[in-house]
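Let's take a walk through this fold together. Have the sequence and the model side by side as you read.

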Amino acid sequence: MPILRIAHFPEPVLLEVGKPISDEDFGTDLDTLVEDMFQTMEHAGGVGLAAPQIFESKRLFVMDVPVEDGPRVRHVLINPEIIHVEGEQTGDEGCLSFPGLFQTVKRELRVVVRARDLKNQEFELDVADLAARCILHETDHCDGIVFLDRMSPLKRQLAKRKIKTLQKTGKWN
Ligand SMILES: [Zn+2]
């Protein structure tokens, strides 16, 4: 299984709105792409990876986080749509496109998302905590939004300064 190259900020593909997956897109090629994305995510030690992060401007992502108190479960969300949010959580967040950067981001606590699976079947997930944070983060990627955009202005300034330092010391690529 090939490990795909991960786009690091500020690659333009990260800031583009992903193209929806159409009915004709389902099939072997999409299955392969998703399997490669899982391999790439696991290799990089992440819990979520969206298609724009591997230079595919498409609305889909994979994630591998525990839902409720259960075991880690692989999820593929194609054409994700956030249909309900509530509450609030504050916590540290990382992103495979921002290697070495962890910053506090405020997100909703609970989320209901509607998406399609690899068989083009619609399903909904109703989750909270880390899974909700992951879904919001990855759905943002599908919309060309990165977690930098979700930080407070002060945190964003700090993050940008840290990115510059990481780039200068060659730890960004
Ligand atoms: Zn990310």
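**From the sheet to the zinc site**

Start where P66 stands opposite R72 in β3. Keep in mind that this is a predicted model. The two strands involved here, β2 and β3 (residues 72–86), pair in the antiparallel sense over seven bridges. Two helices lie against the sheet. Helix α1 (residues 28–44) packs on it, touching β1, β2 and β3, and runs at about 45 degrees to the direction of β2. α2 packs on the sheet as well, touching β1, β2, β3, β6 (110–116) and β7, with its direction at about 165 degrees to that of β2.

Now step back to the sheet as a whole: it's open, with five strands in the order β1-β2-β3-β6-β7 and antiparallel pairing. β1 and β7 (122–128) are the edge strands, each pairing on one side only. From one strand to the next, the twist averages 40 degrees.

Next, the metal. Which residues hold the zinc ion's protein donors? They are C95 (SG), H137 (NE2) and H141 (NE2), at 2.0 to 2.2 Å from the ion. Along the sequence, the donor residues follow the spacing C-x41-H-x3-H. C95 and H141 link distant parts of the chain, 46 residues apart: C95 sits in the loop between β4 (89–93) and β5 (103–107), and H141 in helix α2 (residues 129–142). C95 counts as buried because its relative accessibility is 9%, and H141 is buried too, at 1%.

Finally, look at S57, in the loop between β1 (48–50) and β2 (60–66). Its C-alpha atom is 9.4 Å from that of H141, though 84 residues separate them along the chain. The side chain of S57 makes a polar contact with that of E16 (3.5 Å).

Methods:
Residues numbered from 1 in each chain as written. Predicted model: local features only at pLDDT ≥ 70, side-chain atom pairs only at ≥ 80, totals over all residues. Heavy atoms only, no water. Donors = N, O, S within 2.8 Å, 3.2 Å for Na, K, Ca; no water. Helix = DSSP H or I, 4+ residues; strand = E, 2+ residues; numbered from the N terminus. Buried < 20%, exposed > 50% of the residue type's maximum accessible area, 1.4 Å probe, protein only. Polar contact = N/O pair within 3.5 Å; in protein donor to acceptor, adjacent residues only side chain to side chain. Pairing = 2+ DSSP bridges. Axes fitted to C-alpha atoms, helices over the stretch in contact; angles between N-to-C directions. Contact = heavy atoms within 4.5 Å.
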